[in-house]
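Biologist: Please take one part of this model and look at it closely. I would like a connected account, in short steps.

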Amino acid sequence: MRTPPARRNPPRLDAAQRSVVEHGTGPLLVLAGPGTGKTTTLVESVAARIARGGNPERVLVLTFSRRAAVELRDRMALRMGAARAPQATTFHSFCYALIRAHQDSDLFVEPLRLLSGPEQDVTVRELLAGQVDLERHGLAHVRWPDELRACLTTRGFADEVRAVLARSRELGLGPGALDAFARRIGRPDWRAASAFLAEYLDVLDLQGVLDYAELVHRAVLLAGRPEIAGRLAARYDAVYVDEYQDTDPAQVRLLHALAGGRTLVAFGDPDQSIYAFRGADVGGILEFPTPSRARTAAPPRSRCCARPGAPAPPCWRPPGG
């Protein structure tokens with residue numbers, strides 16, 4: 001039988017790290033470079049909150065990869081004991097659990113399934129290839145510009161269309177909003193993409209599946225419903241986010257829905273964003289926490305953390321912070 005590891009003694013923290021650990025309520029942005037102890041500070045901040053009487057079940061820790069979530073769970077369990085360590089999960093796992101918990105049983109008999117990246121590629125390419133036959137029979141609802149019709153069956157065009165679909169959902173745009181925007185700026189290709197988005201979403205619903213962008217988008221819509229927002233508010237007192245620089249606009253909106261009026265502690269480094277190709281937006285850091293400032297319990301603050309003896313990384317402080 002495996003013996004559980006003994007709890008780790010608290011690490012030595014510098015003054016900047018201690019100021020993060022001692023943070024009470026309201027939003028806090030922590031900026032630090034690689035190797036400066038961001039994860040250690042996050043774990044110690046959570047441990048301090050629990051030690052002050054916080055309920056582990058009312059603390060949510062979010063990150064981006066499953067590997068990072070497992071590492072956070074292990075480190076918090078080692079620091080606090082498995083029984084007192086709060087939930088640590090990825091954004092997508094949290095969104096999927098939220099949608100499953102409120103899935104309309106009349107519309108979806110089976111649980112919604114998440115599309116893998118390759119499966120989404122195949123779906124988009126098959127729908128685009130089908131446009132050729134539909135146009136031939138006069139049944140096409142999507143009117144692609146003449147100069148693009150020859151590209152419909154190419155992989156490169158499918159990749160471009162998939163990127164437009166994903167960015168639209170990350171920005172909270174539906175087919176109607178995307179079409180209106182395309183009309184306003186005179187982009188017939190984006191108007192066609194808006195019609196294709198409507199068709200694509202219908203196909204996903206018929207198949208009972210979601211892609212990653214649609215998953216977060218629907219979770220944001222759910223979290224915005226008054227009755228569900230009330231349940232989330234009653235469930236979490238504090239939300240911690242690791243690698244905040246990798247959030248896209250939809251994930252930022254989800255965080256504001258989750259942490260509005262409560263404690264949101266975000267750790268990040270704007271120079272380390274690695275998911276820009278997938279919609280990550282450094283504006284999430286530069287505007288923190290502007291969209292929810294009116295609902296926060298304390299003025300926004302920003303801190304840097306660095307190891308003792310190491311040069312402090314540059315730190316951005318919000319206006320009035």
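Modeller: Start with what a helix axis is. An axis is a line fitted to C-alpha atoms, and for a helix the fit covers the stretch in contact. The angle between two axes runs from 0 to 180 degrees and is taken between N-to-C directions. Keep in mind that this is a predicted model.

Now to helix α2 and its surroundings. Helix α2 covers residues 38-51, and helix α3 covers residues 66-80. Their axes come within 10 Å. They cross at roughly 50 degrees. That angle makes α2 oblique to α3, because an angle counts as oblique when it is not under 35, not over 145 and not 65 to 115 degrees. The crossing of these two helices is right-handed.

Which residues of α2 and α3 meet? From α2 come Thr39, Thr40, Leu42, Val43, Glu44, Val46, Ala47 and Ile50. From α3 come Leu72, Arg75, Met76, Arg79 and Met80. Sorted by class, this contact has eight nonpolar residues, two polar ones and three charged ones.

Next, step back along the chain from α2. A loop lies between β1 (27-31) and α2, and Gly33 is found there. Is Gly33 buried or exposed? Its relative accessibility is 11%, so Gly33 counts as buried, since the cut-off for buried is under 20%. Gly37 is in the loop between β1 and α2 too. With a relative accessible area of 14%, Gly37 is also buried.

The UniProt record adds an annotation here. An unreviewed entry lists a "binding site" made up of Ala32, Gly33, Pro34, Gly35, Thr36, Gly37, Lys38 and Thr39. Both loop glycines just described, Gly33 and Gly37, are in that list. Thr39 is listed there as well, and Thr39 is one of the α2 residues that meet α3.

Now go further back, to the segment before α1 (15-21). Asp14 has its place there. Its relative accessibility is 14%, so Asp14 counts as buried. Where does Asp14 stand relative to Thr41? The two are 27 residues apart along the chain, and their C-alpha atoms are separated by 10.0 Å.

Leu13 is in the segment before α1 too. Leu13 is buried, with a relative accessible area of 17%. Its partner in the next comparison is Glu44, 31 residues away in sequence. In space, Leu13 and Glu44 are 9.2 Å apart, C-alpha to C-alpha. What does Leu13 touch, leaving aside residues up to four places away in sequence? The answer is Arg18, Val21, Thr40 and Glu44. Two of these names should look familiar: Thr40 and Glu44 are among the α2 residues that meet α3.

So much for the close look; here is the setting. The chain has 13 helices and eight strands. Of its 321 residues, 49% count as buried. Take the contacts in the chain with a separation of 6 or more: residues 24 or more positions apart account for 77% of them.

Finally, set another helix pair beside the first. Helix α8 (residues 175-185) and helix α9 (residues 188-207) pack at an angle of about 175 degrees, with axes 8 Å apart. They are therefore roughly antiparallel to each other. Among the residues in this contact are Leu178 and Phe181 of α8, and Trp190 and Leu197 of α9. By class, the contact of α8 with α9 divides into 10 nonpolar residues, one polar and three charged.

Note on methods:
Residues are numbered from 1 along each chain as its sequence is written. This is a predicted model: local features need pLDDT of at least 70, side-chain atom pairs count only at pLDDT 80 or more; totals for chains, interfaces and linings use all residues. Side-chain values use heavy atoms; hydrogens and water are left out. Helices (H or I, at least four residues) and strands (E, at least two) are DSSP runs, numbered from the N terminus. A crossing is left-handed if the near helix is turned anticlockwise from the far one by less than a right angle, and right-handed if clockwise. Contact means heavy atoms within 4.5 Å. Ala, Val, Leu, Ile, Met, Phe, Trp, Tyr, Cys and Pro count as nonpolar, Asp, Glu, Lys and Arg as charged, and the others, Gly among them, as polar. UniProt positions are given in the numbering used here, feature names are shortened, and annotations may be inferred rather than shown by experiment. Buried means under 20% relative accessible area, exposed over 50%, partly exposed in between (1.4 Å probe, protein chains only).
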